[in-house]
Amino acid sequence: MNDVIRVPATYMRGGTSKGVFFRLEDLPAQAQTPGPARDALLMRVIGSPDPYGKQIDGMGGATSSTSKTVIISPSARDDHDVDYLFGQVAIGQAFVDWSGNCGNLSAAVGSFAIHAGYLPAERLPHNGVAKVRVWQANIEKTIVVHVPIVEGRVQEMGSFMLDGVTFPAAKIRVDFVDPSGSDSSLFPTEQVAEVFDVPGVGALTATFISAGIPTVFLNAHELGLTGSELQPAINGDPELLDKLENIRAHGALRMGLIEDLSEAATRQHTPKLAFVAPPNTYHTSSASVVEAGDIDLLVRAMSMGQLHHAMMGTAAVAIAAAACVPGTLVNQAAGGGERDQVTFGHPSGTLTVGAKVDAQGGQWCARQVSMGRSARILMEGVVRVPSDVFHSVQ
């Protein structure tokens, strides 16, 4: 009864998220392939499902930003260095959502790959930047992570401040390559903006986009919101949360991500729901002031049923891509016209993201979206998991 499984692991911050990172080969044999055994292990590591919503008996932090797991392995593709698999662990329910990527933790994947020995020594400069080519296995996309190296080692400390992260760190550039897919449109409904009729809510204007992560954009004012809300205003309103989840679920149907509305309950990671507004001066969650003249628009995004404390990296990809396409709700809120980058205000501050988009054959495509993130190792060693973790799946 006292037996435990000791699994080598690294606890990392990437951007404004934290997660438990594993090398695939370090996982117990039962968990080295997808399935119930892997899900059971990761849930127990994180401390889910937890009816108290606190994840006290695990590594999770009881928020969507801190209930995350990552599995890294040498890439099976000659033109990539590592394969990166992301698991979003539900907090109060017993499931792991494998439907999307975590853009914030993508920044940590490059550093982890180097620390794990997955890049040959000749690929690492003594001083400079190591380019780690990552295959994002959940969505089958390429991410290139530019990791700073000083005297042959990953440089974690620096002066780069990322809103939503308390302390400065070294800047890591993350390039999301061809995030919409070269053979498909950015817009799965083939419209940059449309009237979206939601049962129980009514008609809303919406932009549906698939770049970084499938996202439904709405106008804040149509929801009775300003776009400058902080977490308490949204997360403390159960009626509003139910309304937003209803919209998100019907958005999943509209985008073809699910076939039945009931499937949305176990697909909480995708799509994301976000609402936008023109720029306005507001106070952030840290009581600092963001001036209207310093941003192009306001964006707030929901993650796993709650307002995100800052901005998901993948949603930032969607925001940048949509901002650069005339006519989308994001582009309209930013003042319209053509652009190749956008600066938006989120609950913790601001973020600037660059994007390259073009239209070919009547379809808009995103070629690359880039942003600055940071990452560092918080703890490394082993996680201890009760040995009965696999009993329920045998």
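Reader: What makes strand 10 and strand 11 (residues 202-211) a pair?

Author: Keep in mind that this is a predicted model. Two strands count as paired when there are at least two bridges between them. Strand 10 and strand 11 are joined by 5 bridges and run antiparallel, so they pass that cut-off. To see one bridge up close, find Glu194: its partner in strand 11 is Ala206.

Reader: And what sits in the turn between strand 10 and strand 11?

Author: The two strands make a hairpin, with 3 residues between them. Gly200 is in that turn, and its phi is positive, about 85 degrees.

Reader: How do you know that strand 11 also pairs with strand 12 (residues 213-219)?

Author: By the bridge count again. There are 6 bridges between strand 11 and strand 12, in the antiparallel sense, and at least two are needed, so the pair qualifies. Ile209 is bridged to Thr215 in strand 12. This is a hairpin as well, with 1 residue between the strands, and Gly212 in the turn has a positive phi of about 80 degrees.

Reader: Back to Glu194. Why is its contact with Arg254 called a salt bridge?

Author: The closest N and O atoms of Glu194 and Arg254 are 2.9 Å apart. The limit is 4 Å between a Lys or Arg side-chain nitrogen and an Asp or Glu carboxyl oxygen, so the pair counts. Glu194 is in strand 10 and Arg254 in helix 4 (residues 238-254), so this link spans 60 residues and joins distant parts of the chain.

Reader: Is Glu194 buried or exposed, and what about Arg254?

Author: Glu194 has a relative accessible area of 8%. Buried means under 20%, so Glu194 is buried. Arg254 comes out at 37%, and with exposed starting over 50%, Arg254 is partly exposed.

Reader: What other salt bridges could I look up?

Author: The structure holds 11 of them. One of these joins Arg173 and Asp175, with N to O at 2.8 Å. Asp175 is buried at 4%, while Arg173, at 41%, is partly exposed. Another joins Asp26 and Arg23 at 3.0 Å; here Asp26 is at 23% and Arg23 at 27%, so both land in the partly exposed range.

Reader: How do you know that Arg373 has no salt bridge?

Author: Look for an opposite charge around it. The nearest such side chain is Asp163, and that is 8.6 Å away. The limit is 4 Å, so no salt bridge can be counted. Arg373, which lies in strand 20 (residues 363-373), is buried all the same.

Reader: What does the Arg373 side chain have as a polar contact, then?

Author: Its side chain meets that of Asn104 at 2.4 Å. With a limit of 3.5 Å for such N or O pairs, this one fits, so it is called a polar contact. Arg373 also touches other residues, including Phe160, Leu162, Ile172 and Met311.

Reader: Asn104 is in helix 2. What makes you say that helix 2 is mostly covered?

Author: The count does: 12 of its 13 residues are buried, among them Asn104, Val109 and Phe112. Helix 2 (residues 103-115) also has a kink of about 25 degrees, centred on Val109. After the helix comes Gly117, with a positive phi near 85 degrees.

Technical notes
Residues are numbered from 1 along each chain as its sequence is written. This is a predicted model: local features need pLDDT of at least 70, side-chain atom pairs count only at pLDDT 80 or more; totals for chains, interfaces and linings use all residues. Side-chain values use heavy atoms; hydrogens and water are left out. The bend at a residue is the angle between axes fitted to the seven residues ending there and the seven starting there. Helices (H or I, at least four residues) and strands (E, at least two) are DSSP runs, numbered from the N terminus. Buried means under 20% relative accessible area, exposed over 50%, partly exposed in between (1.4 Å probe, protein chains only). Lys and Arg count as positive and Asp and Glu as negative; His and the chain ends are not counted. A polar contact is a pair of N or O atoms within 3.5 Å; within protein, one must be able to donate a hydrogen and the other to accept it, and residues adjacent in sequence count only if both atoms are side-chain atoms. Contact means heavy atoms within 4.5 Å. Lists of a residue's contacts leave out its neighbours within four places in sequence.
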